[in-house]
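Biologist: Please take me closely through one part of this model, and set it within the rest of the chain. I would like to know what each residue you pick out touches and how well covered by protein it is.

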Amino acid sequence: MRIVASVILLGLSFLISGCTNSPDTTFATRNADVDFDLQSIVRTQSNDMLSLTSDLKNHEIGGFRSAKKLDRDLEKTVIHMDQLHMNLPALLAAQDMELAELRDMINKGMADQNALTLRAQEVQTYRKSLVGSLDASAQRANITAISLESNYATGRADLASPTHTAQDLARDLRAARTMIEMQL
């Protein structure tokens with residue numbers, strides 16, 4: 001189910017980005033359109049992760065009363081994480097390509113340095129914001145995983161699967177954060 005949802009979202013993002021291009025625009029302009037769409041999608045997915053990991057924290061506060069509801073919420077969170085993992089590399093690549101083309105245009109005298117400086121600052125600010133959001137989500141997922149592990153160790157056998165899922169989620173969130181940090 002996660003794979004199907006992820007493929008559908010990816011297909012829609014390609015369809016949307018393909019519909020915004022006009023044949024007479026430069027690559028940087030087309031890339032900016034795709035970048036904006038992906039940037040909006042990734043920002044929304046990041047915000048969703050904050051909300052979903054906050055819900056996981058609420059399960060912890062409630063003592064993990066319903067393992068089935070926790071499983072459903074974890075599955076929903078993992079699906080969102082999968083979608084974010086699909087879109088994030090494309091967004092980072094699109095941003096890097098746009099900046100490279102701006103540098104090339106400056107070398108050819110077709111753009112000025114201010115345009116590159118401004119866009120590079122925008123990309124940097126966006127990426128730092130995204131890192132902060134993913135870091136907060138990773139911390140929440142990690143705290144949930146630790147609490148689940150503790151409850152599982154004290155005899156809550158129904159928390160075995162959610163414990164592993166929460167640990168994997170925290171790991172994936174840290175990996176996404178690291179992917180961005182490597183390009184700051």
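Modeller: What follows is a close look at helix H4 and its partners, with the overall picture before it and two other helices after it.

Please keep in mind throughout that this is a predicted model. The chain contains 5 helices and 0 strands, so that, read from the N terminus, its elements follow one another as α-α-α-α-α, where a helix is a DSSP run of at least four residues. Of the 184 residues in the chain, 37% are buried, and about 9800 Å² of the chain is exposed, with carbon and sulfur atoms supplying 58% of that area. When contacts between residues at least 6 apart in sequence are considered, 79% of them join residues at least 24 apart. Salt bridges can be searched for over the whole structure as well, and that search finds 10.

Helix H4 itself covers residues 113-153. Its 41 residues, taken at 1.5 Å a residue, should span 60 Å, and because its end C-alpha atoms lie 59 Å apart, the span of the model agrees with that expectation. After H4 comes Gly-155, which has a positive phi, near 110 degrees.

Three residues of H4 repay individual attention, and I take them in sequence order. Thr-117 has its place in H4, and its relative accessible area of 35% falls between the limits of 20% and 50%, which means that Thr-117 is classed as partly exposed. Computed along the chain Leu-102 is 15 residues from Thr-117, and the C-alpha atoms of the two are separated by 9.7 Å.

Arg-119 brings us to charged partners. The side chain of Arg-119 meets that of Glu-98 in a salt bridge, at 3.0 Å from N to O. This pair links distant parts of the chain, with Arg-119 in helix H4 and Glu-98 in helix H3, 21 residues apart. Arg-119 and Glu-98 are both buried.

Arg-119 also has a neighbour in helix H2 (residues 27-61), namely Gln-39, whose place is in that helix. Leaving out residues up to four places away in sequence, Gln-39 touches Leu-91, Gln-95, Arg-119 and Tyr-126. With one of these, Gln-95, the contact is polar, the side chain of Gln-39 lying 3.5 Å from the side chain of Gln-95.

Further along H4 we find Ser-147, and here the relative accessible area is 13%, which is under 20%, so Ser-147 counts as buried. Apart from neighbours within four places in sequence, Ser-147 is in contact with Glu-60 and Phe-64. Ser-147 and Gly-63 are 84 residues apart in sequence, whereas their C-alpha atoms are 9.2 Å apart in space.

For comparison with the bridge between H4 and H3, consider two salt bridges that stay within one helix. In the one, Asp-73 pairs with Lys-69, and their closest N and O atoms are 3.3 Å apart; both residues lie in helix H3 (residues 67-107), with 4 residues, or about one turn of the helix, between their positions. Asp-73 has a relative accessibility of 16% and therefore counts as buried, while Lys-69, at 38%, counts as partly exposed.

The other is found in helix H5 (residues 160-181), which has 22 residues and reaches 32 Å from its first C-alpha to its last, close to the 32 Å expected at 1.5 Å a residue. Among the buried residues of H5 are Ala-160, Pro-162, Leu-169, Leu-173 and Ile-180. In the bridge, Asp-168 is joined to Arg-171, the closest N and O atoms being 3.2 Å apart, and both residues lie in H5, 3 residues apart, about one turn of the helix. Asp-168 is partly exposed at 37% relative accessibility, and Arg-171 is partly exposed too, with a relative accessible area of 44%. To return to the charged group around Arg-119, salt bridges that share partners join Glu-98, Arg-119 and Glu-122 into one network.

Technical notes. Residues numbered from 1 in each chain as written. Predicted model: local features only at pLDDT ≥ 70, side-chain atom pairs only at ≥ 80, totals over all residues. Heavy atoms only, no water. Helix = DSSP H or I, 4+ residues; strand = E, 2+ residues; numbered from the N terminus. Polar contact = N/O pair within 3.5 Å; in protein donor to acceptor, adjacent residues only side chain to side chain. Contact = heavy atoms within 4.5 Å. Expected span 1.5 Å × (residues − 1). Buried < 20%, exposed > 50% of the residue type's maximum accessible area, 1.4 Å probe, protein only. Areas by Shrake-Rupley, 256 points an atom, 1.4 Å probe, with all protein chains shown as cover. Salt bridge = Lys/Arg side-chain N within 4 Å of Asp/Glu carboxyl O.
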